[in-house]
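Got the model open in your viewer? Let's take a walk through it, one selection at a time.

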Amino acid sequence: MSHFDDEFSQMLSSFAEFDNARTTEKAPDGTITLPAIPLRDMVVFPNMVTPLFIGRERSLNALRIAQQQGTNIICVMQRNPELEDPDPEDLHTTGVEVVLGRAMRMPDGTTSALIQGLRRVQIAEVIQDELAYRAKAVPVDENITITSAVEAHMRTVLMLFDDCVQLNRALPEDAYDYAANIEEPHWLADLVITTLNMSSASRQALLDIHDPLERLLKVSTLLKHEIEVLEIEDEIHNKIQQEVDKTQREIFLREQIRAIQSELGEGDIFQQEITEVLEKLDESALPEEVKDKALKEANRLATMPAMSPEVGIIRTYLDWLLELPWEAQTTDNLDVAHVAHILSQEHYGLEKAKDRILEHIAVRKLAADKMKTPILCFVGPPGTGKTSLGRSIAKALGRNFVRVSLGGVRDEAEIRGHRRTYIGAMPGRILQTMRRAGTINPLFMLDEVDKLGTDFRGDPSAALLEVLDPEQNYAFSDHYLEVDYDLSKVMFVTTANYTDPIPPALKDRLEIIDFPGYTEEEKLEIARQFLIPRELEAHGIADISLGFEKKALKAIIREYTYEAGVRNFEREIANICRKIARRVVEGSPYARRITASSIHKYLGPPRVPPPLVGDRPDVGIAYGIAWTEVGGDVLPVEVSIMAGKGTLTMTGQLGDVMQESAQAALSYLRSRADEYDVEPNVFEETDIHVHLPEGSIPKDGPSAGVTLVTALVSAFTNRPVRHDIVMTGEITLRGRVLPVGGVKEKILAAHRVNILNMIIPQENRKDLDELPEDIKSTLNITLVEHMADILDIVLLNPLPDEAEDNSD
């Protein structure tokens, strides 16, 4: 209905063109046959004048035929507007005979023709030839006697239409006058239908109603619904107008108040705020460029009306400029001995990270103006002390500590902020945190940098490139601030559980410091020095002399926690402390010493299953060691062979890389079948099933290659594999053993389950230097370069009964 004003005026002005319009004479059988034009999403009603845009070849041909023969056309809507070349059954059965008016060629190649509907027709047949559609139809006789019932329906429609015209601002005022002069019921119904806002399908449904009286009844219902909607719209419009009037009144009254205050000599509150801002700018130590920008915005603020929407935006921007630290900084404590004491007092181990901090302090003391602040990245499993060490470093240096978690951040604007053109815009997290720090040289920790996301809003890791690059961050650009901010004095420390998800460009800017998992002895020492005193204090039982035996702590580590760090270890100690605290409050007897035998009383049955390690050598099973997010784990590889067609089945949620390792291992065995006394044709007659237990846990990576080869060779040769030795290494088709990652964590995992014999690649020798000496001295580590060396060590002779079976 929003366009009816123009359509209605066009219809009135165009009626003169069709003064001589005539309907087509019927054939003896009462039908008419005319060229037909399918309409995509448009319904033409009798007496309706409208332009018709024709672009399809068949429709253009129908138009030309009608013009050449001087005939009318039948317009009928197709059921599916998407069809380019509809079949006869794709057309509705009720159409309209129309007369052609002016036709002109449009620039886009289509033809525009002005048409007027003449009468409804019931289509009996549609003939589809190569040139155009032709329709055979029966004209619908809509003339009825004007009875009292018909007149009553017409009056009802006119009354409702009058209300509709009054409520709808889009309809011209003379629309009702025009409708009131129509005497035919069918024409009145069709005219009102063309003014209503409805879909083409609904219009076609009304076109299908041949009885004028029934159509008038349907139109009355539609008009009532339309009036209800228009009344709601009018109510909403009135409410909005009242709000606008109220706002204008408030503006007028405030201007009056300002005039009265000026006459009385009282200060304007808005002016007082501007004066206060200017005084703060004058007293602040802003850089010259920033102060010029702030003064420019303050002058804009002074010239604006107090109720202007931009006042709040500019005032918020000025507050940010004034509250950000631009020069304030803390003085670093460069006493190496003091810093070393603080770090050792609060953290056990982590020597590599501590040494790097002490080296930084030493260089700062010797060449403070020449060195750039390092960008450190602490990488390790959860609970290994990455975040807490950052807090300790800030305390040791005397810097403020601030932290931002980047886990799940997907919007680049979270880092750089939003431009001020957006409502509710504010700086990014970097500057928000700098304002909270209050100095330009805090220790700024960016937690979980490996968990940044990416979507249509941008890549936040790309925005971090400028933040974490000493060559660029002296002039960091935030979209909201629009002036450079110096981040070069900030000491950035990032944390991650692993480095693989970190983009290469970002990783290149970081100095990686590994936080390996703690050994059992390290966990015991951490518990003694830090965890137990802290939990006793936190639970209010520090004065009852509660003690934990070493065996009890070992039992907690082995049976109730499965982690590289100590977070769950501390949680279990806290669990015991809570139960003791309750007994103290209740006045019940409580143990003053926690022993290994009493652990289950406080913590329940053991929650960590025993390692999947056999107690004797077995055929077709070898033991590898794998890196996991909680450190490392022993990974058994099982192989079973059976009569079949040479199918290789792999189960246990194996990733693509591990599946490829299994295929490479099988190819290695097949290429050296003679060396291991395996008949070459046995592979085509044997199905192989490779399984890695704990199938709910995904597994991937190339480091199980040597373990897969060992299990396969064992299965095909019936030679048992030693159960007291674990291995890791990537395998090539030629049998070379390539280096792998996470060797330290893997060795510690094997040591945790008391497996002391290990085989690792020769090129991983350098990783042994990272092992604690007390653990390294208990291990028997063999370095190998070729698969044959591993098989010589781990494969035993066939058992007597198995050897006898083979000889048969």
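Start by selecting Ser 477, which is partly exposed because its relative accessibility is 32% (buried means under 20% relative accessible area, exposed over 50%, partly exposed in between, with a 1.4 Å probe and protein chains only). Ser 477 sits in strand β10, residues 476–477. (Strands are DSSP runs of E with at least two residues, helices are runs of H or I with at least four, and both are numbered from the N terminus.) Show its surroundings: beyond neighbours within four places in sequence, Ser 477 is in contact with Arg 416, Glu 466 and Asp 484, where contact means heavy atoms within 4.5 Å. Now add Arg 607 to the view: from Ser 477 to Arg 607 is 130 residues in sequence and 51 Å in space, C-alpha to C-alpha.

A word on what you're looking at: this is a predicted model, where local features need pLDDT of at least 70 and side-chain atom pairs count only at pLDDT 80 or more, while totals for chains, interfaces and linings use all residues. Residues are numbered from 1 along each chain as its sequence is written, and side-chain values use heavy atoms, with hydrogens and water left out.

Next, click on Glu 482, in the loop between β10 and β11 (484–485). Its phi is near 65°, a positive value in a residue that isn't glycine. Glu 482 counts as partly exposed, with a relative accessible area of 43%.

For another positive phi, jump to Ser 545: about 60°, and again not a glycine. Ser 545 is in the loop between α18 and β14 (547–548), and is exposed at 59% relative accessibility.

Now for a serine on the inside. Ser 392 belongs to helix α13 and is buried, at 2% relative accessibility. Leaving out residues up to four places away in sequence, Ser 392 touches Ile 342, Leu 343, Glu 346 and His 347.

Keep His 347 selected and add Gly 383, Gly 385, Ser 388 and Arg 534: among the 24 lining residues of the second largest pocket, these lie nearest its centre. (On a 1 Å grid over the protein atoms alone, a pocket is an open set of points with protein on both sides within 12 Å along at least five of seven lines; a cavity is a set where a 1.4 Å probe fits but cannot get out; lining residues have an atom within 4 Å of a point.) The pocket holds about 620 Å³ of space, a volume being the space filled by probe spheres set on the points, which are joined across faces, edges and corners. Colour α11 (336–346), α13 (386–397), α18 (520–538) and α20 (567–586), since each supplies at least two residues of this lining. By class, the lining has seven nonpolar, nine polar and eight charged residues. (Ala, Val, Leu, Ile, Met, Phe, Trp, Tyr, Cys and Pro count as nonpolar, Asp, Glu, Lys and Arg as charged, and the others, Gly among them, as polar.)

How much space lies in the largest cavity? About 70 Å³. To find it, select Tyr 518, Thr 519, Glu 520, Lys 523, Ile 557, Leu 748, His 751, Arg 752 and Ile 775, which line it. Both α18 and α24 (743–752) give two or more residues to that lining. Four of the lining residues are nonpolar, two polar and three charged.

Finally, zoom out. The chain has 27 helices and 24 strands, and its C-alpha trace spans about 115 × 105 × 65 Å along its principal axes.
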